[in-house]
Amino acid sequence: MTTWIKAKVIKIKKWNFPLFSITLHANILPFIAGQFAKIGVIHNGKKIQRAYSYVNSPKEKNLEFYITYVKNGLITKMLYKLNVNDEIMISKESFGFFTLKEIPKRKNLLMISTGTAIGPYLSILQDGSDTKKFKKIILIHAVRYKNQFNYKNIIKKIKKKYKNKFKFQRITSRKIYKKCLFGRITTLLNNDKIEKSIGIKINSKNFHVMLCGNPNMLKDTYKILKNKYNLEKHLRKKPGNITMENYW
């Protein structure tokens with residue numbers, strides 16, 4: 001059963017619509033980078049809730065969440081209208097297994113994300129725990145347009161922290177830009193452009209892939225990783241190469 005506590009709004013950052021982030025302060029229990037919290041608001045006397053992954057490292061005192069405003073999403077509308085010093089509810093505990101602790105040691109770690117699903121990766125990479133298990137970490141972020149690449153300052157710090165161990169590859173799907181791959185993740189895997197961009201061949205012996213995004217992307221990308229590269233879903237009882245997290 002979820003234990004709910006109050007969270008105070010410290011900051012609201014409105015990026016290019018429909019993207020925004022909220023920063024909260026609350027006395028939650030310690031969490032592991034990559035996990036998510038439940039956020040709740042009251043509407044017509046009833047609590048509505050949704051899960052959001054932390055963007056911040058567990059070492060930071062404030063809690064940040066990267067969110068897409070959904071036209072028919074009641075909770076995102078309410079969160080978007082919040083002001084500094086407002087109070088909402090958050091779960092005291094954190095949840096999920098989308099963490100590096102759950103992943104076996106591999107030579108290369110490939111992190112694939114779409115939209116706001118980059119959030120848990122930013123938490124993981126800022127924290128740094130268990131990253132020594134990998135010699136190379138590649139982060140792929142796919143969006144529609146270039147102005148949807150946010151958190152540039154954090155990416156810059158991550159590059160400085162990991163140096164040559166880290167590679168960041170951007171993808172856009174609606175317009176072509178310099179230094180960005182163009183197209184859908186599935187197409188770019190099928191035509192080998194992702195492999196060419198990262199300069200490493202994907203294989204089952206020395207790769208682990210983390211997938212975070214909408215269910216359709218996960219399903220389609222998983223099929224390609226399985227059929228083209230012979231990668232298997234990772235389970236505690238049966239170690240594999242693919243870890244997935246649904247993200248809306």
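Contact here means heavy atoms within 4.5 Å. Buried denotes under 20% relative accessible area, exposed over 50%, and partly exposed in between (1.4 Å probe, protein chains only). Helices (H or I, at least four residues) and strands (E, at least two) are DSSP runs, numbered from the N terminus.

The model is predicted: local features need pLDDT of at least 70, side-chain atom pairs count only at pLDDT 80 or more, and totals for chains, interfaces and linings use all residues. Residues are numbered from 1 along each chain as its sequence is written, and side-chain values use heavy atoms, with hydrogens and water left out.

**Exercise 1. Determine which elements the buried residues of helix 2 pack against, and why helix 2 counts as largely enclosed.**

Step 1. List the buried residues: Gly-119, Pro-120, Tyr-121, Leu-122, Ser-123, Ile-124, Leu-125 and Asp-127.

Step 2. Eight of the nine residues of helix 2 are buried, so the helix is largely enclosed by the rest of the structure.

Step 3. Identify the partners. The buried residues of helix 2 pack against strand 4, strand 7, strand 8, helix 3, strand 9 and strand 11.

Step 4. Inspect the end of the helix. Gly-128, just after helix 2, has a positive phi of about 85°.

**Exercise 2. Describe the packing of helix 2 and helix 3: angle, axis separation, handedness and contact residues.**

Step 1. Axes are lines fitted to C-alpha atoms, for helices over the stretch in contact, and angles run from 0 to 180 degrees between N-to-C directions. Helix 2 (residues 119-127) and helix 3 (residues 152-162) pack at about 40°, and their axes are 10 Å apart.

Step 2. A crossing is left-handed if the near helix is turned anticlockwise from the far one by less than a right angle, and right-handed if clockwise. The crossing of helix 2 and helix 3 is left-handed.

Step 3. Helix 2 contributes Leu-122, Ile-124, Leu-125, Gln-126 and Asp-127 to the contact, while helix 3 contributes Ile-154, Ile-155, Ile-158, Lys-161 and Tyr-162.

Step 4. Classify these residues. Ala, Val, Leu, Ile, Met, Phe, Trp, Tyr, Cys and Pro count as nonpolar, Asp, Glu, Lys and Arg as charged, and the others, Gly among them, as polar. The contact has seven nonpolar, one polar and two charged residues.

**Exercise 3. Establish which residues of helix 3 are buried and which exposed residues lie on the face turned away from them.**

Step 1. Ile-154, Ile-155, Ile-158 and Tyr-162 are the buried residues of helix 3.

Step 2. Seen down the helix axis, these residues fall within an arc of 100°, so they line one face of helix 3. The arc is that of the directions from the helix axis to the C-beta atoms.

Step 3. An α-helix has 3.6 residues a turn, so residues three or four places apart point the same way.

Step 4. The face turned away from the buried side carries the exposed residues Lys-152, Asn-153, Lys-156, Lys-157 and Lys-160.

Step 5. Place the helix. Its buried residues pack against helix 2, strand 8 (136-143) and strand 9 (166-172). Helix 3 lies across strand 8 and strand 9, at about 150° to strand 9.

**Exercise 4. Locate strand 7 in its sheet and decide whether its faces are covered or open.**

Step 1. Two strands pair if DSSP finds at least two bridges between them. Six strands form an open sheet with parallel pairing, in the order 10-9-8-7-11-12.

Step 2. The edges are strand 10 (180-182) and strand 12 (242-246), each pairing on one side only.

Step 3. Strand 7 (residues 108-114) is joined to strand 11 (residues 207-213) by six bridges and pairs with strand 8 over seven bridges. Met-111 has Met-210 as its bridge partner in strand 11 and Leu-139 in strand 8.

Step 4. Both faces are covered: Asn-108, Leu-110, Ile-112 and Thr-114 are buried on one side, and Leu-109, Met-111 and Ser-113 on the other.

**Exercise 5. Characterise the antiparallel sheet and the surroundings of Ser-57.**

Step 1. Six strands form an open, antiparallel sheet in the order 4-3-6-1-2-5. Strand 4 and strand 5 stand at the edges with a single partner strand each, so one side of each has no neighbour in the sheet.

Step 2. The twist averages 40° from one strand to the next.

Step 3. Ser-57 lies in the loop between strand 4 (46-53) and strand 5 (63-68). Ser-57 is buried, with a relative accessible area of 4%.

Step 4. Leaving aside neighbours within four places in sequence, Ser-57 is in contact with Phe-31, Ser-123, Gln-126 and Asp-127.
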